[in-house]
Amino acid sequence: MKIRSEDLPVAVIGAGPVGLAAAAHFVQRGLTFIVLEASASVGASFDSVRHIRLFSPWRINVDRAGRDLLHSRDWREPEADALPTAGEMLDDYLLPLSQLPEIAPHIRLNHRVTQITRQGFDKKKTAGRDDAPFLLRVDTLGIEREVLARAVIDASGTWLDPNPLGANGLPAIDEKTFSTRITYGMPDILGRERSRYAGKRVLVIGAGHSAAGSLLSLAELAEQIPSTTALWAVRGTNLNRTFGGGEADGLPARGALGVRLKNLQASGRLEVWTAFHVHSVQAQQQNIRVIGEPVGGETPVINNIDEIICATGSRPDLIMTRELRLALDPWLESPEALAPLIDPNVHSCGTVPPHGHAELAHPEVGYYAVGAKSYGRASNFLMVTGYEQVRSVVAAIAGDMAAANDVQLVLPETGVCSTDLASACCEGPAPQQTDACCTKDAEEKVKGQAGCGCPTETTEARPTSRYLHS
């Protein structure tokens, strides 16, 4: 007997905050679903970084549908303006949400999705494709299984696929050889991994908030163990984007992080290498050294390193969706319609416009990547964005197009102006032959001030005509 797609559940991949938010919305709409989680517990990525304190407060870290379900079970909601750690997010929100009787029976732990296709269809075949169920190949503790679904919401994230050291997107030469000396992401420098970094010469590579957090933790460790040394290497030449908007940031903790890092850099306690593009890693007696790409005829070298922290972001796993017909942006690997709205070459603050099922859709009808995975290689993602994405997507799957199209999203400003690299960024084009991004930036720098905070690195502006859509 042929299985009809409409009789099957929707498969949600990933039991993180966005995947569980999707589950809560399905519960509210009375639709059947199944959550496939690769790890042995929900929120595994949060558990791996329990020590990290989030920039965003509880009031925007809890999905509305999840909040409603939890309150129906006498859940005690945390203080709205408090800033949780990743561990507190897991213990006080994600775990209670996953344990609700409306959700718990539908979660499958240790179910790693390895491939997604259409039942009876390879990528080439078209006729009848949209009516065929999705087939998900799942690894369950070494045993292969198959799961059929009417639609797929892929909230698997990007955390487990970190970018390499190499500035060209490839691993640096011999990066794998020295893998025991390299940590990706944001290690617990002051806690579980203190002994690994105490008294060591540590190089942090990256210009994002994870890099900033690790550098500040190393500075704190150096106050306790003076022989600890922090080094910082970035590809750009202007650090203002990393330092952020300070008091102008809509998330005060995020602004404070940048201010603290800027003060650390100004104090001389931090060795900073700018315009450093990692080429290779080499042995150096008992230590290692990192070689950069030549600049101006000279090859930069950072010597005598004990440990490296690679905080260069992450990328989506595209292997599992190889048999699906996806329209991915060639640069960001996000849905093509979403890419111009989130492009980090253009957006440096909370200027991402509202977006939902329409921008997340693909030629493969019924498949949606949401959450961090929807942003591809762009790193400017906030959980509240993912919550609104899944609200819209679930409404679309339910056939409630009025709700699906009513997308509302307000993101906290960073205090760093957006950059329209095709023209100007703040207040008109900068004067020629000045190290500025706009008129205001140039005027402030003439006065000896830091400028307006825009990046001045030369970046090729992406063409926009092919992204025009209603």
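This passage describes a set of paired strands and the nonpolar cores of a predicted model. Residues are numbered from 1 along each chain as its sequence is written, and side-chain values use heavy atoms, with hydrogens and water left out. Because the model is predicted, local features need pLDDT of at least 70 and side-chain atom pairs count only at pLDDT 80 or more, while totals for chains, interfaces and linings use all residues.

A good place to start is strand β5 (residues 134-140); strands (E, at least two residues) and helices (H or I, at least four) are DSSP runs, numbered from the N terminus. Five of the seven residues of β5 are buried, so the strand is largely enclosed by the rest of the structure; buried here means under 20% relative accessible area with a 1.4 Å probe, protein chains only. Strand β4 (residues 112-118) runs antiparallel to β5 and is joined to it by six bridges, pairing being assigned where DSSP finds at least two bridges between two strands. Within this pair, Val113 has Val138 as its bridge partner. Strand β6 (residues 143-149) also pairs with β5 in the antiparallel sense, over seven bridges, and here Arg137 is partnered by Glu146. Two residues lie between the strands of the β5 and β6 hairpin, where Leu141 takes a positive phi near 50°.

Turning to the interior, the largest nonpolar core has 58 residues; such a core is a set of buried Ala, Val, Leu, Ile, Met, Phe, Trp, Tyr and Cys residues joined through side-chain atoms within 4.5 Å. Helix α12 (residues 383-397) gives the most to this core, with eight residues. Phe26, Tyr93, Ile153 and Val370 have the most contacts inside the core. Neighbours within four places in sequence aside, Phe26 is in contact (heavy atoms within 4.5 Å) with residues including Val10, Phe33, Ile153 and Val394. Another core, of 21 residues, lies apart from this one and has Val204 and Leu215 among them.

Technical notes
Buried < 20%, exposed > 50% of the residue type's maximum accessible area, 1.4 Å probe, protein only.
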